[in-house]
Amino acid sequence: MIKAVLFDAYGTLISTGNGSLEATRKILALNRCTDISPSEFYAEWKLLHKRNIETLPSFLKEEVIFGMDLSELYSRYHMSRNPNEDVKIMLETLGKRRLFPETKEVIEKLKHDFVIAIASTTDTEPLLQDLSRNELTIPYVFTSESLQVYKPHASFYQTILSKLQIRAEEALFVGDSLIDDVWGPQQLGILTCWLNRKNNPRQKISPTFEISDLTQLGDIVYKL
């Protein structure tokens, strides 16, 4: 029997929408880079961001890493503007995102029977802003900033288990990333539920459960 459901935030409870792509489009326009596809540039940015997180010698806030990412991209594409100024366009999109339509109803129902927590790779303040704006109350909120470590490092999940005073087998981790929300928790023996909204292939990672939206979660948690 599980006692806690741990949710990733972005892409799981909260939609990232098109804000990041629109910010990328504005940044490229300021640099007069009409020959660069905003979607391809943003995809490259995301890959670079992930790599920079994975190779940090010591913890840095995501806000700082975003600046590092853009500085490297500006150098790569020979852009002349100040990346430390232009990155603010991307940062301004944070804290302004909306919940997926089913999120609030599912969370409110589960709160009655389980410990509910967010476990997210993000800076703390933008996430709190998103929760407040969307009037979503979560009893426990853990971020990479508050834990000073990023997914999928084992200590990210272990610290949460310790703070909630639960064993790994008493938790279910729900999220949209096969690496951060499935592979990472599984290394500690945490049950996992992959939220696969886009019907992506599993690759070589096998979650305990798979759903396409959060409304399907109740059929799983109440049978564990």
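What covers the buried residues of helix α9? In this predicted model, the cover includes helices α2 and α8 together with strands β6 (171-175) and β7 (191-195). Helix α9 itself spans residues 178-186, and its buried residues are Leu178, Asp180, Asp181, Val182, Gly184 and Pro185.

Helix α2, one of the elements that cover α9, also packs against helix α1. Helix α1 comprises residues 19-30 and helix α2 residues 38-54; their axes lie 9 Å apart and enclose an angle of about 110°. Because angles of 65 to 115 degrees count as roughly perpendicular, α1 is classed as roughly perpendicular to α2. On the α1 side, the contact is made by Ser20, Leu21, Thr24, Arg25, Ile27 and Leu28. These residues meet Pro38, Ser39, Phe41, Tyr42 and Trp45 of α2. By class, the residues of this contact comprise 7 nonpolar, 3 polar and 1 charged.

Side chains of opposite charge can pair when their charged atoms come close. In the model, the count comes to 17 salt bridges. One of them joins the side chains of Lys151 and Asp8, with an N to O distance of 3.0 Å. Lys151 is located in the loop between α7 (144-147) and α8 (154-164), whereas Asp8 belongs to the loop between β1 (4-7) and β2 (14-15); the pair therefore ties together parts that are 143 residues apart in sequence. Both Lys151 and Asp8 are buried.

A further salt bridge is formed between Glu145 and Lys61, whose closest N and O atoms are 3.9 Å apart. Since Glu145 lies in helix α7 and Lys61 in the loop between α2 and α3 (62-76), this pair ties together parts that are 84 residues apart in sequence. Lys61 has a relative accessibility of 33% and is therefore counted as partly exposed.

The side chains of Asp86 and Arg81 likewise meet in a salt bridge, at 2.8 Å from N to O. Here the partners fall into separate accessibility classes: Asp86, at 2% relative accessibility, counts as buried, while Arg81, at 34%, counts as partly exposed.

Salt bridges also link residues in a network, which contains Lys3, Arg167, Glu169 and Glu170.

How values were computed. Residues numbered from 1 in each chain as written. Predicted model: local features only at pLDDT ≥ 70, side-chain atom pairs only at ≥ 80, totals over all residues. Heavy atoms only, no water. Axes fitted to C-alpha atoms, helices over the stretch in contact; angles between N-to-C directions. Helix = DSSP H or I, 4+ residues; strand = E, 2+ residues; numbered from the N terminus. Parallel < 35°, antiparallel > 145°, perpendicular 65-115°, else oblique. Contact = heavy atoms within 4.5 Å. Nonpolar A, V, L, I, M, F, W, Y, C, P; charged D, E, K, R; others polar. Salt bridge = Lys/Arg side-chain N within 4 Å of Asp/Glu carboxyl O. Buried < 20%, exposed > 50% of the residue type's maximum accessible area, 1.4 Å probe, protein only.
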